[in-house]
Amino acid sequence: MKRTIGIGVIGMGWMGTVHSRAYRQVSDRFQESGIQPNLVICGDEVEARGREAQERFGFARCTTDWQRVIADPDVEVVNIAAPNSMHLEIAQAAAEAGKHIFCEKPVGRNPQETAEIARVARRANVLTFVGYNYRWAPVVQYARQLILEGKLGRLTHYRGRFFAGYASNPHGVLSWRFQREFAGLGTLGDLMSHVVDMAHMIAGPIKRVVGNCETFIPQRPLATPGTGTHFSVSAGGPMGEVTNEDYVGVLVNFQNGVHGTLEACRVIQGPQCQMAFEVHGTEGAISWDFERMNEIQLYFASDDGARGGYTRTLSGPTHPSHADFNPGPGLGLGYNDLKVIEAHQFLQSVANGKQGEPGFGEALAVADVLAAIEKSWETQRWEPIQSL
Ligand SMILES: NC(=O)c1ccc[n+]([C@@H]2O[C@H](COP(=O)([O-])OP(=O)(O)OC[C@H]3O[C@@H](n4cnc5c(N)ncnc54)[C@H](O)[C@@H]3O)[C@@H](O)[C@H]2O)c1
């Protein structure tokens, strides 16, 4: 028998659209789960966006008042895809109403808000999930398996990075992302949150950090409210101040003795969406880059010919979730497919009544690291990771 789960989505910009499309695909891609997402209601303060999403994805209702999404009796899970400044208020209301919550990263504007959101959800005993979608690339899950099986031996080095070009054009508009009031942290929350989550999953918990930051483009053209995305460009016209950081660089020590570096930038020239890692152990190494998300570079010291360096393996049906999309190796997945896997993982946890990963617990672990990085910008010293 099918398990129907009523869904309300808040914020119908880029992510609200991606999530709605993903929910629609869950019952097709993961038929054996027996999960039937029911798109109940979507909310956006811009009426036209809500209406367009309703027509496009088949929501039964739409609203400009996000509280109506939470109050809707047919909604079992609330999907928060609004700007970071709305995460806390919406999550609080959803938890108090006993609704399960999917929240996009970075879960609030800053680590303190993440901690508060995690607290209210825990108190209300609702299930949670977070949009750290890069975890779900089949070859990344394969890398995780290899490391858990000890194929790399004892881990020694980790390098994580997210180099994005989305804001490299100085004419890119001053969307909410560049304003502390609406986004909170800049690249530290936006991109480094993904990097830290991946580092935790692949190499384990971080023990201490020291880092720095920079805002390379201090002013941007003002955006037209209710239109465009953070990829929009505008030349001429009035300018506004960028009030959070473009770049973050960090030295890290992990609890298990691994040494590493983490870097993220939103204004870099060249890379476009280079969310990547290299992990090394005493017996081998793995390298992955989202810009080539369907391949992974493997090196095992015991292999004949390993001296020749990394060998390339393509995503295939033996890797987790690949066969839910394509039957053969080399028939790759894309960004939106990772969101379908993520939506399925979340709904499966709701159907089973069991907290999945990554939930607010994992987001809080990331927030603890972000707080220590931010502190080290001021102290210019190594900062230990402390629980918020
Ligand atoms: N996991 C990822 O890869 C990824 C990628 C992009 C964004 N995100 C996250 O997703 C969230 C949304 O980002 P986005 O790029 O989709 O932003 P966006 O600006 O494209 O969309 C935000 C939407 O929220 C609406 N909104 C604003 N205030 C509202 C309110 N009070 N009530 C209802 N709707 C309101 C806006 O009108 C807009 O349609 C952010 O938290 C961001 O960090 C995650």
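**Exercise 1. State whether serine 315 is buried or exposed, then place its surroundings.**

Solution. At 1% relative accessibility, serine 315 counts as buried; buried means under 20% relative accessible area, exposed over 50%, and partly exposed in between (1.4 Å probe, protein chains only). The model is a predicted one, in which local features need pLDDT of at least 70 and side-chain atom pairs count only at pLDDT 80 or more, while totals for chains, interfaces and linings use all residues. Residues are numbered from 1 along each chain as its sequence is written, and side-chain values use heavy atoms, with hydrogens and water left out.

Next, the position. Serine 315 sits in the loop between strand S16 (311-314) and helix H10 (335-352); helices (H or I, at least four residues) and strands (E, at least two) are DSSP runs, numbered from the N terminus.

Then the neighbours. Leaving aside residues up to four places away in sequence, serine 315 touches Pro138, Val139, Asn294, His322, Pro329 and Gly330, where contact means heavy atoms within 4.5 Å. With the side chain of histidine 322, the serine 315 side chain makes a polar contact at 2.8 Å. A polar contact is a pair of N or O atoms within 3.5 Å; within protein, one must be able to donate a hydrogen and the other to accept it, and residues adjacent in sequence count only if both atoms are side-chain atoms.

**Exercise 2. Find which residues of helix H6 are buried and what covers them.**

Solution. Helix H6 spans residues 138-148, and its buried residues are Pro138, Val139, Val140, Gln141, Ala143, Leu146 and Ile147. Pro138 and Val139 are also among the residues that serine 315 touches. The cover over the buried residues of H6 includes strand S7 (155-164), helix H9 (192-203), S13, strand S14 (284-289), strand S15 (295-300) and H10. Just after H6, glycine 150 has a positive phi of about 80°.

**Exercise 3. Describe the setting of arginine 266 and of histidine 230.**

Solution. Arginine 266 lies in the loop that links strand S12 (259-265) and strand S13 (273-281). Its relative accessible area is 0%, so arginine 266 is buried. The arginine 266 side chain makes a polar contact with the side chain of asparagine 244 (2.8 Å), and also reaches the backbone oxygen of glutamate 245 at 3.3 Å.

Histidine 230 belongs to the loop between strand S9 (219-221) and strand S10 (239-241). With a relative accessible area of 7%, histidine 230 is buried. Histidine 230 touches Trp14, Tyr166, Ser175 and Arg177, not counting residues up to four places away in sequence. Tryptophan 176 is 54 residues from histidine 230 in sequence, yet the two C-alpha atoms are 8.2 Å apart.

**Exercise 4. Characterise the interface of domain 1 and domain 2.**

Solution. Start with the bounds: domain 1 covers 3-133 and domain 2 covers 135-379, as given by an automatic or database domain assignment. Their C-alpha centres lie 22 Å apart.

For the extent, 50 residues of domain 1 are in contact with 53 residues of domain 2. The two domains bury about 4,400 Å² between them, 68% of it on carbon and sulfur atoms; buried area is the accessible area (1.4 Å probe) that two parts lose on being put together, summed over both. In domain 1, Phe129, Tyr132 and Asn133 lose the most area to domain 2, together 21% of what that side buries.

For the polar part, the rule finds two salt bridges across the interface, a salt bridge being a side-chain nitrogen of Lys or Arg within 4 Å of a carboxyl oxygen of Asp or Glu.
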